[in-house]
Amino acid sequence: MLQQTQVIKVIDYFNNFIDRFPTLKSLAEAESEQVLACWSGLGYYNRARNLHKTAQICSIEHGDQLPVDLNQLMQLPGIGRTTAGAILSLASDLPYPILDGNVKRVMSRFNKISDEKTSAYNAKLWKQVEELMPKSHCRKYNQALMDLGSMICTRSKPHCHRCPIMKNCKARISDQVALFPQSNKKTRQINKTYHILLLVSEGQIYIEKRNSQSIWPQLWFLPMFDTEQKLQSSNLFELEHYTHYLNFNIKHILTHRKLDLQVHCYKNTTTIDRKITKNKKWTAISQYKKLPHPTALVKIIQNYLANEDT
DNA sequence: AAGTCGGGGGC
DNA sequence: GCCCCAGACTT
């Protein structure tokens, strides 16, 4: 959960997740849908799928436990070198370094490491953090290094006057702290418009499971179309029985894409045949909240629905 | 080596 | 608005 996600955001999800899946075995035996639902709103949903797979692999191959071995850990889906190092050092107090975003920043400043190319930059950072790694007190050392990065050696306005290693920090010595680390190259965001169909009937909304190809793969959401024509011509929902009553617009930003989501709302007060299939169904908005989906959009949609009802 | 994947906080 | 965050995986 902590991969590319700040601690404050994770805490509630973590507690809920541990309540729901208290052991590795219980996670391994869970349905994928339930695991994803517990992840709903946290983002990077492949992390949930990988965690689930890892639990299943460890359940079968490692006797319901994580292996205490760097290479074996790194072969598990979703566990790279940093996460493997975190497991070994924090759980077992073994001398394996971590290179997360915080430690990267500390290392970059401490030894004035910079490079044009990302791969060479990361290699230098790993080498540096390996050389500094002590053979004892590994748990406390790694935790302290991350805390140093998150609380003292912050990205902007670092608190160098309170830093315990300021005397040996090359960036500090040369008064160049602000120059490190170099800002990352930006991947430009591509604008994309989608047309979304919101069907409301007797307090329920229609949702479907997305395919594996596009964004939000295999999550439940309202039907999305590339063009308004495709939305209009989707006879799946017998649009002639519905009354169009509202359009609204949602701007949603992903890491690599700016989405302009145009929501087309249709209402129907008569009873309809609500078929539930594997990948399509009707659901009350309250139930919708418990499904795997991009929740940032659910709040907005719920607000519009609430306003319409009153 | 570059692209992909969410959502949110800081400034 | 831009950058980054307790990164890893795919192409």
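1. A residue is called buried when its relative accessible area is under 20%, exposed when that area is over 50%, and partly exposed in between. With these cut-offs in hand, K192 can be placed: its relative accessible area is 29%, so K192 is partly exposed. Please keep in mind while reading that the structure is a predicted model.

2. On the overall layout, chain A is divided into domain 1, which covers residues 1–65, domain 2, which covers 93–185, and domain 3, which covers 190–309. The C-alpha centres of domain 2 and domain 3 lie 45 Å apart.

3. K192 also has a partner, since its side chain meets that of D226 in a salt bridge, with 3.9 Å from N to O. K192 lies in strand β1 whereas D226 lies in the loop between β4 (224–225) and α11 (228–232), so this pair ties together parts of the chain that are 34 residues apart in sequence. D226 counts as partly exposed, because its relative accessibility is 42%. Salt bridges that share partners join K192, D226 and K230 into one network.

4. The pairing in the previous point has a simple background: side chains of opposite charge can pair when their charged atoms come close. In this model the count comes to five salt bridges, and two others among them deserve a look.

5. One of these is formed by the side chains of K209 and E33, with a distance of 3.5 Å from N to O. This pair links distant parts of the chain, as K209 sits in strand β2 and E33 in helix α3 (residues 32–39), 176 residues apart. K209 is partly exposed at 27% relative accessibility, and E33 is likewise partly exposed, at 26%.

6. The side chains of E130 and R81 meet in another salt bridge, with 2.6 Å from N to O. Here too the pair links distant parts of the chain, with E130 in helix α8 and R81 in helix α6 (residues 81–92), 49 residues apart. The relative accessible area of E130 is 40%, so E130 is partly exposed, and R81, with 30%, is also partly exposed.

7. Turning to the DNA, 21 residues surround DNA strand B, and the closest are Y44, S119, H252, T255 and H256. Of the atoms of DNA strand B that come within 4 Å of the protein, sugar and phosphate account for 59%. The residues of the surface near the strand divide into eight nonpolar, 11 polar and two charged.

8. Which parts of DNA strand B do T5, Y44 and Y45 approach? A polar side-chain atom of T5 lies 3.0 Å from a base nitrogen of DNA strand B, and a polar side-chain atom of Y44 lies 2.4 Å from a base oxygen of that strand. For Y45, a backbone N or O atom lies 3.1 Å from a phosphate oxygen of DNA strand B.

9. Some backbone details should be checked by eye. A cis peptide bond, with omega of about -10°, joins F180 and P181, and P181 is found in the loop between α10 (170–173) and β1 (190–201).

10. Two residues other than glycine have a positive phi, namely H137, near 55°, and E202, near 50°. H137 is found in the loop between α8 (118–132) and α9 (138–152), and H137 counts as exposed because its relative accessibility is 58%. E202 is found in the loop between β1 and β2 (204–209), and with a relative accessible area of 44% E202 is partly exposed.

Methods: Residues numbered from 1 in each chain as written. Chains lettered and ligands numbered in written order. Predicted model: local features only at pLDDT ≥ 70, side-chain atom pairs only at ≥ 80, totals over all residues. Heavy atoms only, no water. Domains from an automatic or database assignment. Helix = DSSP H or I, 4+ residues; strand = E, 2+ residues; numbered from the N terminus. Buried < 20%, exposed > 50% of the residue type's maximum accessible area, 1.4 Å probe, protein only. Near = heavy atom within 4 Å. Polar contact = N/O pair within 3.5 Å; in protein donor to acceptor, adjacent residues only side chain to side chain. Nonpolar A, V, L, I, M, F, W, Y, C, P; charged D, E, K, R; others polar. Salt bridge = Lys/Arg side-chain N within 4 Å of Asp/Glu carboxyl O.
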